[in-house]
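Please work through the following exercises with the sequence and the model at hand. Each task is followed by a solution in steps.

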Amino acid sequence: MRKLLLILFALTFSGPLQAEILVIVNASNSITTLEQKQIVDLFMGRVSAFPNKQPAQPLDLKTGTPQRAIFYKSLTGKSEAQVDAYWATLVFAGRMSPPKQFTDDSALIQAVAHEPAAIAYVSRQPLPKNVKVVMELAARQ
Amino acid sequence: MHSVFRRYSSLLACVLIASSTPAVAELEHRFSGFATLGIAINDNPDLAFRRDVTQNNGAYENSAYWKNDSLIGVQWQGRWSPEWEAAVQLVAKDRFKNTLENSIEWAFLRYRPVDGLDIRAGRMGADVFMLSDYLQVGYAIPWVRPPHDYYGIASLYHFDGADINKRFLLGDATLNLKAFYGNSSEEYPLGFQSERSTSFDFDVFGSTASLEWSAWKMRYTYARVSVNSDQGRALRNALQQVTPYWPDAAGVIPQLETTGKHFDYDQFGLSYDNNTWWMHSEYVRLASNLGLIADGEHFYASLGRRFDDISVYVITGYAEPKNSVISISPPAGFPEPLASQLNLLANATERSLNGVRIKQKSYGVGTRWDFASKMAIKLQVERFDIDKTGTNLWLRTDPTTSITEDQQATLVSIALDVLF
C-alpha cells in the first residue's frame, strides 16, 4: 500500500523538468543556493547552521507521508526506516533534537515564511514571496 | 567529588523537568521515545543467558525470558535557543536495583556556542563504545541487542560529569573529537536470581576520535576507569590473618585490592553502509590492573544486506581473557580444622579471581523487517561456545556446582522495536 502511494505520488509530481522537490528557506535568508551535500548535512543532523554560520532549523514532514520517503531517498539514498533509525541514534544520544514535523506542504511553507532560520522541502509548486528556493532536487525511487 | 556529581545530576533532572512548563517563554519541547519487547530462548540447562553483567536472571533449559531485552524509554528535549538545549531521558526496564535515580539515563544541559562545538554537563551517555550513545534503542541497531561477546561487559550506561565535542569538516569527511570526564556506579549481582550484589563506583575519563567519510565510519576511543570503591576487603582480611601459617597468601592480597586501581579501554570501530550492504565491527582491549576486573579483548563483526523493508545479517564475535587461569593451593601439613579453613579460603580466593573471566565465541544469523513506520521486528539465532573457565557473561543456574566442561548454547531471540 505504501509502495503504491509512493508510485502514485511520484507519478503525480513528476514533470518534464525532473526537479520535483524544492528546498526552500525564508526569503530573508542571505543564502541564495545550497549544494546537495550541505542539504544532506542539515537534514541528517550533522550540522546545525547554514554555511554562513547562521543557525538553521530543518523542518520535516510527518513520518509516513509519501513525500518524506521520496525526499530522503532522493537526497541520501536511504529508505525512510533507515533515516528514522539514523535520527534515533542522534536524538536518543541527546546530540540533536529531531526536526519539527508538519502535516503537509502548505503547513511547511507557512512555517518557513515565519521562521528566518527554517529550511524545508516541498513539491514543485508556485511559492509565496516570503520563501525562496535554494535547491531543486530530482525525485528518485 | 563523585557524590557531588551524582547529587547535581538528580537535581538537574528535577530542574529541567520542572522548567518544562509553559511558563518559560520561547522554550520548544520535543517528546520522543523508544521501546522494545523482546523474548530470548536458550537451550543450555546450566547457564542462563543475560544481556549484560548487570542482570541476574535469564532464559535457560529451553525456557523463554522476556526481561533481558524489553524496555521502554521516554525523552524530553527542551530548546531555549540554538545555543542552549537540555535533555532528560528515562528508561524503565528490569534493573537489579530499580529506583527513579537509576532510571534517569540522561539529564544534561547542552551549550553550543558555535555550530560544531558542544559542551554538556549533567548525566549523559558514556561514549566508550560505538553504540554506547544508543545502546538501549533497539530500532537504531540492526540486531536484537548489541553483540553479546562485546557488549555483555558494557555495563557503564551513563556517567555524571561533562563532555566536550568539536566537529571538523574536512572536505567530504567529518571528524569529531570528544573528551569526557565523570563518575558512575553500578551494582553487579553475584549470581543467578541472587539478591546479593557488589557495587562499584568509578571515575571515568577518555577521549574519542571518529571519522565519517562517504559510507565509512571509523572511531577510536581511549578511556580510563578508576575504581573508588573497596571490594574484596573481607577476603583480604581473612588472607592477612592466615599469613603466619600461609606466607604466600600475602602475595595474593594486592590482587584483591580495588581502590585506586584502574582499567583502560582501547576501542576501535569500523563500519560501512552503502544503503544496500552494511558492516559493523568493533574491537576492544581491556587492560586491567585489578584482579577483580578481567583483562581481555572483545570483538564482533556483522555483515548485512537490505532488500527493501527486510534485511538479513550474519554476526560473529569473541571474548578472550588475557590472563591465565589462576590456581591457588593452600599450604599442606596443618591439622584440622585449620587445614579445611585454609582450603576454603584458597577456594574462595581462586573463585573471586577467576570468577570474572570471560571466554566465549559466537556466530549467528538474523533478520529485520521494517513492517511499518517506526516499527521493526527481528529474529536472531546464535550459537555460543563458552569455555568452562570463562562463563562469566552467563549465570550458573546451580551456584553450588562449578562448570567443569565447555558449554554450548543456542539462543533464539525475537524483538519488536518501536519509536514514538
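**Exercise 1.** Determine whether Gln193(B) is buried or exposed in this predicted model, and locate the residue in the chain.

*Solution.* Step one is to count neighbours: Gln193(B) has 12 C-beta neighbours inside 10 Å. Step two is to apply the cut-off, under which a residue with 12 or fewer such neighbours is exposed. Gln193(B) therefore counts as exposed. Step three is to place the residue: Gln193(B) belongs to the loop between E9 and strand E10 (197-213) of chain B. Its backbone deserves a further remark, since Gln193(B) is not a glycine and yet has a positive phi of about 55°.

**Exercise 2.** Describe the phi, the position and the exposure of Ser214(B).

*Solution.* Phi of Ser214(B) is positive, near 50°, in a residue other than glycine. Most residues other than glycine have a negative phi. Ser214(B) sits in the loop that lies between E10 and strand E11 (216-227) of chain B. Because 10 other C-beta atoms lie within 10 Å, Ser214(B) is exposed.

**Exercise 3.** Classify Ile253(B) by exposure and list the residues that it touches beyond four places in sequence.

*Solution.* Ile253(B) has 17 C-beta neighbours inside 10 Å and so counts as partly exposed. The residue is in the loop between helix H5 (249-252) and strand E12 (262-273) of chain B. With residues up to four places away in sequence left out, Ile253(B) touches Arg236(B), Leu239(B) and Gln240(B). The C-alpha atom of Ile253(B) is 9.3 Å from that of Gly232(B), with their positions 21 residues apart along the chain.

**Exercise 4.** Trace how strand E8 (residues 158-170) of chain B pairs with strands E7 and E9.

*Solution.* Begin with strand E7 (residues 117-125) of chain B, which runs antiparallel to E8(B) and is joined to it by 9 bridges. Within this pairing, Ala121(B) has Ala162(B) in E8(B) as its bridge partner. Next, 11 bridges join E8(B) to strand E9 (residues 173-189) of chain B, again antiparallel. Here Asp163(B) is partnered by Phe180(B) in E9(B). Finally, E8(B) and E9(B) form a hairpin with 2 residues between them, and Gly171(B) in the turn has a positive phi of about 60°.

**Exercise 5.** Identify the peptide bond between Glu336(B) and Pro337(B) as cis or trans.

*Solution.* Omega is about 0°, and the bond joining Glu336(B) and Pro337(B) is cis. Most peptide bonds are trans. Pro337(B) occurs in the loop between strand E15 (310-321) and helix H6 (338-354) of chain B.

Conventions. Residues numbered from 1 in each chain as written. Chains lettered and ligands numbered in written order. Predicted model: local features only at pLDDT ≥ 70, side-chain atom pairs only at ≥ 80, totals over all residues. Helix = DSSP H or I, 4+ residues; strand = E, 2+ residues; numbered from the N terminus. Buried ≥ 20, exposed ≤ 12 C-beta atoms within 10 Å, placed from the backbone. Contact = placed C-beta atoms within 7 Å. Pairing = 2+ DSSP bridges.
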